[in-house]
Amino acid sequence: MREITYLEAVREAMSQEMRKNDDVFILGEDIGVYGGAFGVTRGMIEEFGPDRVRNTPISEAGIAGAAVGSALTGMRPILELQFSDFITIALDQLVNQAAKIRYMYGGKGKVPIVVRTPSGSGTGAAAQHSQSLEAWVAHIPGLKVVQPSTAYDAKGLLKAAMDDDNPVIFYEHKLLYKTSDEVPEEAYSIPLGKADIKREGKDVTIVATAIMVHRALEAAKELEKDGISVEVVDPRTLVPLDEETIIKSVSKTGRVVVVHEAVKRGGYGGEIVSMIAESEAFDYLDAPIKRLGGAPSPVPYNPELEKSHAPQVADIIRAVKETLNHL
């Protein structure tokens, strides 16, 4: 199987869907000739033209409103927000319109939009361009939330998101764009709400999202040198959440560390922790659940401070050892 980058996998998924379905189009800032802030849509305007790869004014509320309106007329828009931080400007359209319309109209109106947006820190983009705000939208009934960690998952999950008749917020971590993976050339779909066990183990479970999946896998390799067997579970989608896979893993290992990049306070990890505590897995726990997240501060611009803001491999290793040493 050929190997492509995460960025190429996202582009390929959109291109394949647009060739198949004329109702699919992309809209966003600088997505045409420029190819988007991170180059994801580069070359697509040459194939599909400016009507289907639509540059927009710098108005996230207007872009989201246009996406919602076009979806109600039967189109299937893919909205690109340059940075996930800018979703704050589009929240009224997404939270009060996209998420509510199908319910308020008794299922007669549907809003099949995909909101693609780069998230996370690590690129020196500072406080207004580096946040992880997925917990905000995960709180809203009617919105589905996806966080792929690999190129393979990105392509398959984006296909599923584009096929869904509900609004989907699709987070693409900026540091993952250049990572590579084996990805089938043909179109394929990964069901939303199905977690993936990235590494099997027996001593402790790490539930990690986005870039933290890769750091958890690095930590697992280091811990293996000390005879510690780590299982890494990637939820892949936060809403819907595959509770069954997480519960089964925690019940097997008896210990769990939950890690995400978003600020720990109010982060989605708290939802995973409470779900575990309320499930049958609680009876199998041999140690308190450990939770890692970002520091309670804006993301710093300084590279070293930025690095210290989010959990790193060493932090995950320390958390695993702490839970194993708990008596």
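Biologist: What volume does the largest pocket have, and how many residues line the largest pocket?

Modeller: Keep in mind that this is a predicted model. A pocket is an open set of grid points, while a cavity is one the probe cannot get out of. Here the largest pocket comes to about 340 Å³. Its lining takes in 19 residues, and Q131, S132, L133, A262 and V263 lie nearest the centre. Two elements, α6 (134-138) and β13 (256-263), each give two or more residues to that lining.

Biologist: How do the residues of that lining divide into nonpolar, polar and charged?

Modeller: For the largest pocket you get 8 nonpolar, 8 polar and 3 charged.

Biologist: On to enclosed space. How many cavities of 30 Å³ or more are there?

Modeller: The count comes to 5 cavities at that size or above. The largest cavity holds about 60 Å³ of space. Going round its wall you meet S119, S132, E134, Q147, H173, T209, A210, I211, H260, E261 and A262. By class that makes 3 nonpolar, 6 polar and 2 charged residues.

Biologist: Which element gives the largest share of the lining of the largest cavity?

Modeller: That's β13, with 3 residues. Strand β13 turned up in the pocket lining as well.

Biologist: And the second largest cavity: what is its volume, and which residues line it?

Modeller: Its volume is about 50 Å³. The lining is E134, Q147, V207, T209, L238, V258, V259, H260, Y268, G269 and I272. Once again β13 has the largest share, with 3 residues, and both β13 and α10 (269-277) supply at least two. The classes here are 6 nonpolar, 4 polar and 1 charged.

Biologist: Let's do backbone geometry. What should I expect of phi and of peptide bonds?

Modeller: Most residues other than glycine have a negative phi, and most peptide bonds are trans. With that in mind, look at the bond from V239 to P240, which is cis, with omega near -5°. You'll find P240 in the loop between β12 (237-239) and α9 (243-253).

Biologist: Which residues have a positive phi although they are not glycine?

Modeller: Two to look at are A126, with a phi of about 70°, and A210, with about 55°. A126 sits in the loop between β5 (114-119) and α6, whereas A210 is in the loop between β10 (204-208) and α8 (211-224).

Biologist: Are A126 and A210 buried, partly exposed or exposed?

Modeller: Buried means under 20% relative accessible area, and partly exposed runs from there up to 50%. A126 has 22%, so it counts as partly exposed. A210 has 7%, so it is buried. You've met A210 already, as part of the wall of the largest cavity.

Biologist: Now the helix near the start. How does the reach of α1 compare with what's expected?

Modeller: Helix α1 covers residues 6-20, 15 residues in total, and its first and last C-alpha are 22 Å apart. That is close to the 21 Å expected at 1.5 Å a residue.

Biologist: Is α1 mostly covered or mostly open?

Modeller: As general background, an α-helix has 3.6 residues a turn, so residues three or four places apart point the same way. In this helix 11 of the 15 residues are buried, which leaves α1 mostly covered. Among the buried ones are Y6, L7, V10, M14 and M18.

Biologist: Q16 is in that helix too. Why does Q16 count as buried?

Modeller: The cut-off is 20%, and Q16 has 18% relative accessibility, so it counts as buried. Leaving aside neighbours within four places in sequence, Q16 is in contact with K155, E185, E186 and A187.

Biologist: Last topic, the rings. How many aromatic pairs does a search of the whole structure find?

Modeller: It finds 5. Y6 and Y177 are one edge-to-face pair, 6.0 Å centre to centre with 75° between the planes. Y6 lies in α1 and Y177 in the loop between β7 (168-173) and β8 (180-182), so the pair ties together parts 171 residues apart in sequence. Both Y6 and Y177 are buried.

Biologist: And what about F83 and F86?

Modeller: F83 and F86 also pair edge-to-face, at 5.6 Å centre to centre and 65° between the planes. Both are buried. Ring pairs link Y6, F38, F83, F86 and Y177 into a cluster.

Note on methods. Residues numbered from 1 in each chain as written. Predicted model: local features only at pLDDT ≥ 70, side-chain atom pairs only at ≥ 80, totals over all residues. Heavy atoms only, no water. Helix = DSSP H or I, 4+ residues; strand = E, 2+ residues; numbered from the N terminus. Expected span 1.5 Å × (residues − 1). Buried < 20%, exposed > 50% of the residue type's maximum accessible area, 1.4 Å probe, protein only. Phe/Tyr/Trp six-rings, centres within 6.5 Å; stacked < 30°, edge-to-face > 60°. Contact = heavy atoms within 4.5 Å. 1 Å grid on protein atoms, 1.4 Å probe; cavity = no way out; pocket = protein on both sides within 12 Å on 5 of 7 lines; lining within 4 Å. Points joined across faces, edges and corners; volume = space filled by probe spheres on them. Nonpolar A, V, L, I, M, F, W, Y, C, P; charged D, E, K, R; others polar.
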